[in-house]
Amino acid sequence: GDILGLHNHGQLQIGDTLSEGEALAFKGIPYFAPDLFRVARPRDPFKAKPLQKGLKELGEEGAIQVFESIVGNALLLGAVGPLQFEVVAQRLATEYKVDAIYDSANISTARWLTFPDEATRRNFEREQAAAMALDVDDNPVFLATNKYNLQVTVERWPKVGFQSTREHGE
């Protein structure tokens, strides 16, 4: 029942449990598919590594969802509300000394993907490479430009699972 404050640099995440040896795991902390997206890039090109580090840590913390596109390696931020972008911009500026530019992204929604086998995964990734990204835990994500694009892709790939939520730690 004690509450402790721990300094953490990415080793612990929301939902992690500390114990004296017994294996414990708690479920029920979901990530929701974001509705708003921005592309983050540093104003100073020499700050690319601090930006990437800061976004990775903020993504692990749960302050924002961070996706790295497979084609082009762009860093995409996903949020359920616009205030999340402001909080992340402020924290990047004060904690990581990074002044970033946040451009609009032509993305409407994201879906975490599950595949029945490796062949299906490879075929899907080959065909949909431009719409693919990895989240902070390296889970594959489909980024749809609009609801129609998502619907058509879901119908075209009935064996692929398109999840609007993901359990933390999976």
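Me: How many aromatic pairs does the structure hold, and how do I recognise one?
Reply: Rings of Phe, Tyr and Trp (its six-membered ring) pair if their centres lie within 6.5 Å; planes under 30 degrees apart count as stacked, over 60 as edge-to-face and the rest as tilted. There are six such pairs here. F124 and W157, for example, sit edge-to-face, 5.1 Å centre to centre with 80° between the planes. F124 belongs to helix α3 (residues 118-127) and W157 to the loop between α4 and β9, so the pair links parts of the chain 33 residues apart.

Me: Before we go on, what kind of model is this?
Reply: It is a predicted model, where local features need pLDDT of at least 70 and side-chain atom pairs count only at pLDDT 80 or more, while totals for chains, interfaces and linings use all residues. Residues are numbered from 1 along each chain as its sequence is written, and side-chain values use heavy atoms, leaving out hydrogens and water.

Me: In what order do the eight strands of the open sheet run?
Reply: First, the terms: helices (H or I, at least four residues) and strands (E, at least two) are DSSP runs numbered from the N terminus, and two strands pair if DSSP finds at least two bridges between them. Here the order is β5-β2-β4-β3-β7-β8-β6-β9, with antiparallel pairing. β5 (100-104) and β9 (161-163) stand at the edges with a single partner strand each, so one side of each has no neighbour in the sheet.

Me: How many bridges join β2 and β5?
Reply: Strand β2 (residues 36-42) pairs with β5 in the antiparallel sense over five bridges. One example is R41, whose bridge partner in β5 is I101.

Me: Which residue forms a salt bridge with R41?
Reply: A salt bridge is a side-chain nitrogen of Lys or Arg within 4 Å of a carboxyl oxygen of Asp or Glu. The structure holds ten. In one of them, D103 meets R41, with the closest N and O atoms 2.8 Å apart. This pair links strand β5, which holds D103, to strand β2, which holds R41, 62 residues apart.
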